[in-house]
Protein chains: 2
Amino acid sequence: MTPPAPPTGRHRPPRLRDVAELAGVSIKTVSNVVNDYPHVKPETRERVQAAIAQVGYRPQVAAQQLRTGSSGMITLALPSLTFTYFSDIAQEFIEAAQRRRLTIIVHTTEGGPEAERTVLQGFERVLGDGVIFNPLHLWEEELARMDHTSQPTVFIGEHLPEALPRGSDYVRIDNEAASFDATSHLIAQGRTRLGFLGAITSPHGEQPHSSGTLRRAGFKRALREHGMDPASAVLQEVRDWHRQDGFVGMAALLERMPDVDGVVCANDDLAIGVLARLRRLGRRVPDDVAVIGYDDTPDAPFTSPSLSTISPDKQQLAATVLDLIAERIAGYDGPPRTVDVPYTLVTRDSTAVGRRAQTTSEPTSVDPIVSDRPDSETTAPDPSAVDLEELPR
Amino acid sequence: MTPPAPPTGRHRPPRLRDVAELAGVSIKTVSNVVNDYPHVKPETRERVQAAIAQVGYRPQVAAQQLRTGSSGMITLALPSLTFTYFSDIAQEFIEAAQRRRLTIIVHTTEGGPEAERTVLQGFERVLGDGVIFNPLHLWEEELARMDHTSQPTVFIGEHLPEALPRGSDYVRIDNEAASFDATSHLIAQGRTRLGFLGAITSPHGEQPHSSGTLRRAGFKRALREHGMDPASAVLQEVRDWHRQDGFVGMAALLERMPDVDGVVCANDDLAIGVLARLRRLGRRVPDDVAVIGYDDTPDAPFTSPSLSTISPDKQQLAATVLDLIAERIAGYDGPPRTVDVPYTLVTRDSTAVGRRAQTTSEPTSVDPIVSDRPDSETTAPDPSAVDLEELPR
DNA sequence: TCCAAGTTCTACAACGTTGCAAACAAGCCT
DNA sequence: AGGCTTGTTTGCAACGTTGTAGAACTTGGA
């Protein structure tokens with residue numbers, strides 16, 4: 001009887017058995033030491049620990065997962081890390097997970113709806129303990145049709161159905177309210193000829209884009225509630241969410257509304273493209289046109305001029321999501337829960353009022369208007385408005 | 001005798017056994033179908049496939065890994081996704097891995113050397129089949145001291161020792177040569193008062209920063225080889241690699257060399273900070289000062305003016321790295337290999353010559369100088385210099 | 001001295017999968 | 001018909017880990 005050949009050329013990592021033999025105890029005792037089981041004689045524990053160190057033992061997740069049913073791995077499925085917003089989100093999740101001794105598997109769904117369906121179906125293999133999923137193209141009805149998820153799932157993003165599938169939760173930023181705030185800010189600064197620039201139809205063409213729709217709705221509501229005619233504003237649709245789309249879309253918007261004096265962009269990348277277009281045309285920001293973005297990417301303080309934007313609390317988003325999914329993994333099987341995380345409105349130069357355009361503009365400290373909720377405006381420090389002479393971080 | 005309780009409240013995913021019972025065959029036959037073993041009667045195969053679809057069977061990676069010793073998971077350890085360069089890299093790896101049906105676990109080492117040591121020691125648990133590791137703070141000697149890695153490893157980045165640990169390979173961009181090219185480009189454009197801006201000492205303070213040192217060396221060599229005195233140039237050290245550091249560092253550089261007319265930045269983020277500083281001071285780019293970066297982040301075409309930079313071929317980097325690590329995982333145990341991947345010099349407005357400063361500048365098509373190697377300058381299309389009216393991607 | 005009540009340690013089985021070897025079936029040749 | 005080859009299917013064992021149950025040891029009180 002030949003033992004099965006080792007799968008690869010390199011030698012296998014040490015096992016509990018190797019430690020046990022070296023320490024002269026049973027495998028289970030080593031396991032007990034590794035798992036901090038209390039009833040181990042201090043002397044034995046020490047001897048085992050020495051053996052562990054000597055052979056360099058590390059537990060094998062695969063075997064633990066097989067035995068216990070959980071691996072400490074969670075899949076994070078995002079559209080693409082090439083959007084600064086998502087790479088920021090990913091970083092927050094990875095850090096938050098590391099703090100909880102969890103491991104994040106990053107999966108991207110650039111392929112569109114098909115790739116997103118794969119996520120929902122649990123991929124082709126059973127891998128981690130759960131999924132954190134930010135769908136972009138899946139439409140409400142498709143999600144609503146599912147009666148349960150294939151594994152513990154927390155959705156992030158927007159425009160999900162009222163009734164989530166069993167086994168899932170939902171953490172979101174109130175996009176409509178945030179966009180309402182952004183628009184109201186422009187109006188408060190005296191802007192009257194407003195445009196909205198965003199992607200409504202998904203680039204994959206199947207359905208309206210969730211966040212885009214909500215942000216546009218907030219824009220329109222702000223106009224209405226401030227006594228302006230929503231029909232007087234220009235809603236400029238763009239194809240996707242990248243800088244290029246903002247650059248191109250702004251040209252189109254200007255054609256329809258040459259005297260626009262305020263633009264609400266559906267994200268910062270679009271706003272950056274908008275700024276580039278305005279610069280090319282010699283329009284001054286904020287003097288001639290005010291521009292506001294959404295996401296507060298690391299670029300925002302460094303655009304020219306620095307960009308006012310909506311800043312979602314990504315850290316709290318990550319923390320909340322991990323809490324929820326941890327509960328699901330631990331066995332909670334109650335009804336879907338929906339949690340809102342806060343955002344703030346960060347005002348920088350691109351929406352300032354009564355300023356001459358400067359040949360230059362730069363990251364500066366401003367007193368940001370911060371609002372957790374549409375109706376509760378307060379002031380708080382803006383983490384991004386550091387004094388740059390102070391060598392931050 | 002009670003069977004061990006299921007680990008969580010939710011019911012377990014279907015197993016081979018469930019499929020086998022439904023199809024009326026043995027577990028092994030189902031396994032054979034799943035793994036495309038050829039000697040299965042078409043009729044049986046069909047029946048089994050129907051059963052698989054019916055119960056929604058998906059193989060459990062944990063059990064496969066335990067049995068076969070490999071999981072198809074690879075850890076990617078990067079400093080932080082908040083640097084655009086690294087999030088781009090991560091995206092490339094994730095996509096390339098998905099194409100090969102591999103799974104990427106992203107780990108970040110923001111903590112500095114300590115976190116990087118953890119990576120080398122293989123983390124606390126045996127998880128995937130290998131590691132792709134971009135160290136930032138670990139110094140040469142520490143790596144040189146290791147005689148073998150704890151698992152198949154491919155290093156990316158720079159300044160690794162000549163003699164890598166057994167079991168590892170190394171894929172790099174020739175930073176010194178690239179920086180030489182960037183500097184030569186400025187010189188060719190007629191710039192004579194040059195400055196270099198980069199982080200040399202690691203922010204964690206222990207050792208010289210690898211890439212920074214190499215890029216500075218290329219800068220100095222370019223001066224020498226073009227008959228300029230390296231001592232006449234200003235080497236401005238900055239603390240870290242972020243936009244802020246460029247913003248602050250440029251002020252310091254100007255104090256030491258007020259009439260600087262060309263700045264080589266160690267990465268694009270620094271260059272963006274430099275541009276912001278110059279804008280603030282009313283210096284025109286490129287008329288008064290030319291600025292060149294390194295990385296070709298997605299920001300580069302959208303800065304003001306658009307930024308010339310070194311563009312590493314990230315896609316090929318990812319492909320090469322995955323090839324190497326796949327060989328290691330498959331059992332290759334030969335000596336460490338080092339592979340260079342190409343880069344190109346992308347020229348945009350920030351280093352143009354004989355142009356009046358425009359009130360605006362924007363992403364434009366230029367004829368890029370592209371060089372794979374210092375001595376082989378050729379012309380090729382610049383993927384980032386798309387015609388933005390064409391609604392790219 | 002013996003037993004009860006800890007405390008510490010161990011044997012066994014099972015998690016889901018696949019490599020191996022062998023069993024079985026079918027077709028073909030002598 | 002018997003044996004040989006080829007094609008198809010199966011049983012068994014093992015990967016490394018942990019929960020359960022119980023064995024072995026220690027302590028202390030009667």
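1. The expected span of a helix is 1.5 Å times one less than its number of residues. In this predicted model, helix α12 of chain A, made of 16 residues (314–329), reaches 22 Å from its first C-alpha to its last, which is close to the 22 Å expected.

2. Within α12(A), the buried residues are Lys314(A), Leu317(A), Ala318(A), Val321(A), Leu322(A), Leu324(A), Ile325(A), Arg328(A) and Ile329(A). These residues lie on the same side of α12(A), because they cover an arc of only 165° around the axis. Just after this helix, Gly331(A) takes a positive phi of about 125°.

3. Chain A also holds an open sheet of 4 strands, whose order is β7-β6-β8-β9 and whose pairing is parallel. Strands β7 (234–237) and β9 (290–292) stand at the edges with a single partner strand each, so one side of each is left without a neighbour in the sheet. On average, and with direction ignored, neighbouring strands of this sheet are turned by 20° against each other.

4. A reader may wish to look at one pair of this sheet, since strand β8(A), residues 262–265, is joined to β9(A) by 3 bridges, and the two run parallel. Opposite Gly262(A) stands Ala290(A) of β9(A).

5. Turning to the nucleic acid, 29 residues surround DNA strand D, and the closest are Leu16(A), Ala63(A), Ser26(B), Thr29(B) and Thr44(B). The elements giving two or more residues to this surface are α2 (27–34) and α4 (61–68), from chain A and from chain B, and α4(A) provides the largest share, with 5 residues. By class, the surface near DNA strand D has 11 nonpolar, 11 polar and 7 charged residues.

Methods:
Residues are numbered from 1 along each chain as its sequence is written. Chains are lettered from A and ligands numbered from 1 in the order in which they are written. This is a predicted model: local features need pLDDT of at least 70, side-chain atom pairs count only at pLDDT 80 or more; totals for chains, interfaces and linings use all residues. A residue is buried if 20 or more other C-beta atoms lie within 10 Å of its own, exposed if 12 or fewer, and partly exposed in between; C-beta atoms are placed from the backbone. The arc is that of the directions from the helix axis to the C-beta atoms. A residue is near a molecule or strand if its C-beta atom, placed from the backbone, lies within 6 Å of it. Ala, Val, Leu, Ile, Met, Phe, Trp, Tyr, Cys and Pro count as nonpolar, Asp, Glu, Lys and Arg as charged, and the others, Gly among them, as polar. Two strands pair if DSSP finds at least two bridges between them. Axes are lines fitted to C-alpha atoms, for helices over the stretch in contact, and angles run from 0 to 180 degrees between N-to-C directions.
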